[in-house]
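Let's take a walk through this structure together. Keep the sequence and the 3D view open as you read.

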Amino acid sequence: SCGIMGITVAHIALWTNRLEELRDFYVRYFDGESGPVYRNPAKGFESFFVRFDGVVALELMRRTDIRDSDEGEHTGFCHVAFGVGSREAVCSLTERLRRDGYRIAGEPRQTGDGYFESVVCDPDGNRIEIVA
């Protein structure tokens, strides 16, 4: 340790070719607050920061030379988990996402590590855990 106190996660970044669609997904279903679009035309880069509880953010990024990857599990970050407060909220949000056509990758269940959770895939196929 280098003696730094109070370290928090500032943001997590995702490459996408569906920038606005991902922004809308995280705002609509997970109460994110989107900042304005940032554009750097010289680099073919655009991004949005979507903040949760005014603290942690997802940086959703698109650049013209970044291509879609194969779906499925791979090395790297596995999922992002959003706490929704109760088992009922997990079930309710899971059903809302199902009705709206999103793929449910894991039905609501009690896990061995103490969470009640479900798993949904965002428009790019990233795994999102909904936990209580």
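Start at D31, which sits in the loop between α1 (19-30) and β2 (33-34). Keep in mind that what you're looking at is a predicted model. D31 isn't a glycine, yet its phi is positive, at about 55 degrees. Is D31 buried or exposed? Its relative accessibility is 65%, so D31 counts as exposed, the cut-off for that being over 50%.

There's another residue of this kind further along. D53 is found in the loop between β4 (45-52) and β5. Here too phi is positive in a residue other than glycine, with a value near 55 degrees. D53 counts as exposed because its relative accessibility is 79%.

Now step back and look at the whole chain. It holds two helices and nine strands. If you read along the sequence, they come in the pattern β-α-β-β-β-β-β-α-β-β-β. The chain has 132 residues, and 35% of them count as buried. What share of the contacts with a separation of 6 or more comes from residues 24 or more positions apart? That share is 49%.

Next, head inside. In soluble globular proteins, nonpolar side chains tend to be buried together. In this model, the largest nonpolar core has 23 residues, and the ones with the most contacts inside it are F25, Y26, F30, L60, L97 and I128. Which elements each supply at least two residues of this core? They are α1, β4, β5, β6 (79-83), α2 (87-99), β8 (116-121) and β9 (127-131). The element that gives the most is α1, with six residues.

F30 is a good one to click on. Setting aside neighbours within four places in sequence, F30 is in contact with F25, F52, F82, L93, L97, I128 and I130. Two of the names in that list, L93 and L97, come up again when you look at how the helices meet.

So how do the helices meet? The two pack at an angle of about 140 degrees, and the axes of α1 and α2 are 11 Å apart. That angle makes α1 oblique to α2, since angles have to be over 145 degrees to count as roughly antiparallel. The crossing of α1 past α2 is right-handed. On the α1 side, the contact is made by F25, R28, Y29 and F30, while α2 brings L93, R96 and L97.

Stay on helix α2 for a moment, because C91 is there too. C91 has a relative accessible area of 31%, so it is partly exposed. Beyond its neighbours within four places in sequence, C91 is in contact with P108 and F116. Another residue to find from here is S118: C91 and S118 are 27 residues apart in sequence, and their C-alpha atoms are 7.8 Å apart in space.

Now move over to strand β5 (residues 56-63), where you'll find R62. What does the side chain of R62 make polar contacts with? One partner is the side chain of E20, at 3.2 Å. Another is the side chain of E46, at 2.8 Å. Not counting residues up to four places away in sequence, R62 touches W15, T16, N17, L19, E20, G44, F45 and E46.

E46 leads you on to V37, which lies in the loop between β2 and β3. Leaving out neighbours within four places in sequence, V37 is in contact with E46, S47 and F48. V37 counts as partly exposed because its relative accessibility is 28%. The C-alpha atoms of V37 and L60 are 9.8 Å apart, with their positions 23 residues apart along the chain.

The last stop is N40, in strand β3 (residues 38-40). Is N40 buried or exposed? Its relative accessible area is 19%, so N40 is buried, the cut-off being under 20%. N40 and R63 are 23 residues apart along the chain, and 9.4 Å separates their C-alpha atoms.

Note on methods
Residues are numbered from 1 along each chain as its sequence is written. This is a predicted model: local features need pLDDT of at least 70, side-chain atom pairs count only at pLDDT 80 or more; totals for chains, interfaces and linings use all residues. Side-chain values use heavy atoms; hydrogens and water are left out. Helices (H or I, at least four residues) and strands (E, at least two) are DSSP runs, numbered from the N terminus. A polar contact is a pair of N or O atoms within 3.5 Å; within protein, one must be able to donate a hydrogen and the other to accept it, and residues adjacent in sequence count only if both atoms are side-chain atoms. Contact means heavy atoms within 4.5 Å. Buried means under 20% relative accessible area, exposed over 50%, partly exposed in between (1.4 Å probe, protein chains only). A nonpolar core is a set of buried Ala, Val, Leu, Ile, Met, Phe, Trp, Tyr and Cys residues joined through side-chain atoms within 4.5 Å. Axes are lines fitted to C-alpha atoms, for helices over the stretch in contact, and angles run from 0 to 180 degrees between N-to-C directions. Angles under 35 degrees count as roughly parallel, over 145 as roughly antiparallel, 65 to 115 as roughly perpendicular and the rest as oblique. A crossing is left-handed if the near helix is turned anticlockwise from the far one by less than a right angle, and right-handed if clockwise.
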